[in-house]
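Here are some short exercises on charged pairs and one helix. Try each task with the structure in view before you read the solution.

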Amino acid sequence: MGYSGEKFDVIVVGGGVMGSAAAYNVAKRGHSALLLEQFDLLHQRGSSHGESRTIRATYPESYYSSMVMEAEQLWELAQSEVGYRVYHKSPQLDMGPSDSKSLRSVIANCHSTSMPCRVLDPAQVAHHFSGKIAIPEDWVGVLTELGGVIKPTKAVSMFQTLAIRNGAVLMDNMEVSNICKCKEEDDDDDDDGGVVVYTSNGDKFCGKKCVVTVGAWKKKLVETVTGLSLPIQPLETYICYWKIKDGHQGEFTIEGGFPTFASYGEPYVYGTPSLEFPGLIKIGVHAGQSCDPDKRTWGPPVALELLKRWIEERFSGLIESTAPAAVQSCMYSMTPDEDFVIDFLGGELGTDVAIAGGFSGHGFKMAPLVGRILADMALDGEAKGVQLQHFKFARFEGNSKGNLKEFEDQVKPLVA
């Protein structure tokens, strides 16, 4: 391999959206970056593929709301640099029981961050969306302007394109097997320190710093490198598309004023306007089954009865709820508190290796910001302009549940 003897400023392990955004940010700042992906670039075996992800700033946790607002600006910036669009704006509607602690926290955060929102009763929801959305009498809707759909595979390609334009090197089918402290015989430079990244096919690469963003494979790789067992559990989840009944297809599009949406309660349901597949709308349950990322079932989704009933009741019978018209498989990387893990690896590797993972099914929207944070950590030794205390390893020391929260978990296990 032509790059084995070169010492990069930063080696990024993992070519999903987070790693690609990190490589782009490193290269954009004028530093040499190497991105290593274990599968083909733009593969569909992880968490960064597909046709749509939601962007919303309505979170029960205030620290995510501010992160999304900054990430939205960075999405706009990256789009302007690459010359095409991956982010399609729409309103965002959150709905649920009026006494839901999560939804009440969402409303409080809108006020505390000065994010405009409207709290709607059932009649107002029905009126605003011309009868397409119906919620129970004891529910409320929360309507905000910051919402929309991100095209995932296209977004990953965008960051990789921008990374290459700025001088980064991308290599696929490079499964990383170990990361070690650089030894004198590994380093042709006079600089002390750094890391050596080994691949399963026998290559090795030297870098001053390393960033690890391997999604559902995070736990396996970190345990190999350090012996540390991170509380990250991969889940296999299913993305379902449902047929819009004839004569109503245009009403469920962004152009027709339809929002991205989330429904708090049991089940927690999310969805996007009809966009990627004409006549179909994406509606899914924010849940999954524990899996080994290397031994997935790729099977049909389970526990759809609650979702079918939810669709029939919420969308006034305008969506065919008998069965999904199409299903795609994806993965979440769950932490016990559903918060990210963004930290230095520590131990012998100290601050030479930064890791990011455990995005728990809601991280994609923040990818450009996470990429910038990881570039800051690798190049400057600290993240700038954002507080990471909620994402540190230390929160699990003596407390397996991590950050304590006063509201309900959003992601539930699926039971066949």
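**Exercise 1.** Is Glu305 buried or exposed?

*Solution.* Keep in mind that the model is a predicted one. Step one: the relative accessible area of Glu305 is 51%. Step two: the cut-off for exposed is over 50%. Glu305 is therefore exposed.

**Exercise 2.** Find the salt bridge between Glu305 and Lys308, and work out where the two residues lie.

*Solution.* Start with the distance: the side chains of Glu305 and Lys308 meet at 3.3 Å, N to O. A salt bridge needs these atoms within 4 Å, so the pair qualifies. Next, the location: both residues belong to helix H7, three residues apart, which is about one turn of the helix. As a rule, an α-helix has 3.6 residues a turn, so residues three or four places apart point the same way.

**Exercise 3.** Which parts of the chain does the salt bridge between Lys28 and Glu81 link?

*Solution.* First, check the contact: N and O are 2.6 Å apart in this salt bridge. Then place the partners: Lys28 sits in helix H1 (residues 17-28) and Glu81 in helix H2 (residues 62-82). With their positions 53 residues apart, the pair links distant parts of the chain. Finally, look at accessibility: Lys28 is partly exposed at 37%, and Glu81 is partly exposed at 26%.

**Exercise 4.** Describe the salt bridge of Asp292 and Lys220 in the same steps.

*Solution.* The closest N and O atoms of this pair are 2.8 Å apart. Asp292 lies in the loop between strand S15 (287-290) and helix H7 (305-314), while Lys220 is in helix H6 (residues 218-226). The two are 72 residues apart, another link between distant parts of the chain. Asp292 has a relative accessible area of 26% and is partly exposed; Lys220, at 36%, is partly exposed too.

**Exercise 5.** How many residues of helix H8 are buried, and what follows the helix?

*Solution.* Begin with the extent: H8 covers residues 367-380, 14 in number. From first C-alpha to last, H8 reaches 19 Å, close to the expected 20 Å. Now count: twelve of the 14 residues are buried, so by the cut-off of under 20% the helix is mostly covered. Among them are Leu369, Ile373, Arg372 and Asp376. Arg372 and Asp376 also belong to a network of salt bridges with Arg29, Glu70, Asp380 and Lys384. After H8 comes Gly381, with a positive phi near 80°.

How values were computed:
Residues are numbered from 1 along each chain as its sequence is written. This is a predicted model: local features need pLDDT of at least 70, side-chain atom pairs count only at pLDDT 80 or more; totals for chains, interfaces and linings use all residues. Side-chain values use heavy atoms; hydrogens and water are left out. Helices (H or I, at least four residues) and strands (E, at least two) are DSSP runs, numbered from the N terminus. Buried means under 20% relative accessible area, exposed over 50%, partly exposed in between (1.4 Å probe, protein chains only). The expected span of a helix is 1.5 Å times one less than its number of residues.
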